[in-house]
Amino acid sequence: MKVTTIGTGYVGLVTGACLAEMGNQVLCLDVDAEKIRVLEAGGMPIHEPGLLEIVRRNVAAGRLAFTTDVDRAVQHGTLLFIGVGTPPGEDGSADLTYVLAAARSIGRRMTDYKVVVDKSTVPVGTADAVHAAIAEELAMRGVQVPYAVVSNPEFLKEGAAVEDFMRPDRIIVGADDEQALLLMRALYSPFNRTQDRLMVMDVRSAEFTKYAANAMLATRISFMNELALLAEAQGADIEQVRRGIGSDPRIGYQFLYPGVGYGGSCFPKDVKALVQTGAQAGVELRVLKAVEAANEHQKQVLVAKLLQRFDGNLQGRHFALWGLAFKPNTDDMREAPALVIVRELLARGATVAAYDPVAMPEARRLLGSAAGLRFGERAEDVLEGADALLLVTEWKEFRTPDFDAIKARLKQALVFDGRNQYDPALMRLLGFEYHGIGRGGHPPPIA
Ligand code: UDX
């Protein structure tokens, strides 16, 4: 099939590449000429495991191409995926400027039947607005061209985006047009072989599903983070509690990890947007407001622990920091807890030496000029003479480090583990003073 993706961010690029991989003819459009230049030159604007290989393979096979030419892009696809950004507006609600601009640019040019697919995370009612925008443009041209607007939210996780697209848990399609639905089913059939994972629903429910999923997941994290604070105060160990409750299938083990707060391009933005949608609809989302407040608080937890440990004064202290990205396997630092932590430490007169396997260029861009901050080429480079090591992102290479080398380099054997990667009992045995998240209580004896 002929597919166009509008927007070559995470969503648009992964969608385009994975659809090309299944034999579709895909053209990816972006207004950002530099991004298109990089992609055409065989480069990759984002760090996403496996994506570069798929892009290169499909470009070479002639199934995937990139363009800034809107006319060509609209002509090309029967299915036009809108995967542009929906950043938070002033009040936190999703800003639909780019989505509606994409809709209008389609309406201004289309000459045959199109299925316009909303892939961006957009509030309930957006498909209707997209439909209306296209209708307006067609009316202005004085032409009648058939089209359908479909909601097909994306659930990809950064760092696992290709895998998530290729092997989805579910494919949500909100459509009220038979022909559009047939085309969507055909397009997704290669990803839907072993078990029918395609769920058809009305357009508004599909739009709502995406927000509901992210809000539920964010709620789990904030709730666990709060329980961790209480566990610590009560002399209980949240990691043992986590296993205890996760064994209940109604709760489950996934997404129960306490840490330094959630970040990224989705949870913070979508939680805010849903709260705002509630306000507009006259429904106060009390739980979700608390989820957001708890997360802001959680980003400060490591600094609070440091303040407690250093008698409320971090002036002149020097800290080693491992992990800057908002989670492993990505260079994305949007809403990353590390940003809050680094800025707070610097503001309190401390200095920081930071290392991240891939996010350092991005960190330099966002924090670069800050005095008192430097970056190391390797994890061990940042340890020398630090008052403590802070673990902020749980990259695999931090899981089983050379603890003796860490001890030898740090000024004192002090570790603040923001992701509960290390065993408190083992750390004690190795001679470290160890602070995790919610790790009160007596750790179980080492097996
Ligand atoms: C998320 C959703 O998982 C995905 O379905 C949606 O399409 C987009 O938003 P993503 O933002 O890529 O994906 O990352 P995810 O792996 O979900 O993690 C989000 C944040 O939650 C990270 O900061 C992570 O560190 C944090 N997190 C996750 C926890 O603190 N604890 C957990 O148990 C899980």
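Reader: How many helices and strands does the chain have?
Author: In this predicted model, the chain contains 17 helices together with 14 strands. Its radius of gyration is 24 Å, close to the 22 Å that the globule rule gives for 447 residues, so the chain is as compact as a globular protein of that length.

Reader: And what does the C-alpha trace span along its principal axes?
Author: The C-alpha trace of the chain spans about 75 × 45 × 45 Å along those axes. Of the 447 residues, 44% count as buried, and among the contacts with a separation of 6 or more, 71% are between residues 24 or more positions apart.

Reader: Switching to sheets, what is the strand order in the open sheet of six strands?
Author: The order is 11-10-9-12-13-14, and the pairing is parallel. Strand 11 (373-375) and strand 14 (433-435) are the edge strands, each of which pairs on one side only, while the twist from one strand to the next averages 20°.

Reader: What do strands of a sheet pair through, generally?
Author: They pair through backbone hydrogen bonds, and the pairing can be either parallel or antiparallel.

Reader: OK, so how many bridges join strand 9 to strand 10?
Author: Strand 9 (residues 318-322) and strand 10 (residues 351-355) run parallel and are joined by five bridges. Within this pair, Phe319 stands opposite Val352 in strand 10.

Reader: New topic: where does UniProt place the "binding site" feature?
Author: The unreviewed UniProt entry places that feature at Phe155, Leu156, Lys157, Glu158, Lys210, Phe255, Leu256, Tyr257, Pro258, Gly259, Gly263 and Lys327. These positions span 173 residues in sequence, and their farthest two C-alpha atoms are 23.8 Å apart, so they do not all gather at one spot.

Reader: Let's take Lys157 from that list; where is Lys157 found?
Author: Lys157 is found in the loop that lies between strand 6 (147-151) and helix 7 (161-166). Lys157 is partly exposed, because it has 14 other C-beta atoms within 10 Å, and a residue would need 20 or more to count as buried.

Reader: What about Pro258, is that one buried or exposed?
Author: Pro258 counts as buried, because it has 29 C-beta neighbours inside 10 Å. Pro258 also sits in a loop, in this case the one between helix 10 (238-246) and helix 11 (267-281).

Reader: Which residues is Pro258 in contact with, leaving aside its neighbours within four places in sequence?
Author: With those neighbours set aside, Pro258 is in contact with Met224, Asn225, Ala228 and Ile238, and also with Asn420, Ile437 and Gly438.

Definitions and conventions. Residues numbered from 1 in each chain as written. Predicted model: local features only at pLDDT ≥ 70, side-chain atom pairs only at ≥ 80, totals over all residues. UniProt positions renumbered as here; feature names shortened; annotations may be inferred. Helix = DSSP H or I, 4+ residues; strand = E, 2+ residues; numbered from the N terminus. Buried ≥ 20, exposed ≤ 12 C-beta atoms within 10 Å, placed from the backbone. Contact = placed C-beta atoms within 7 Å. Rg over C-alpha atoms; globule rule 2.2 N^0.38 Å. Pairing = 2+ DSSP bridges. Axes fitted to C-alpha atoms, helices over the stretch in contact; angles between N-to-C directions.
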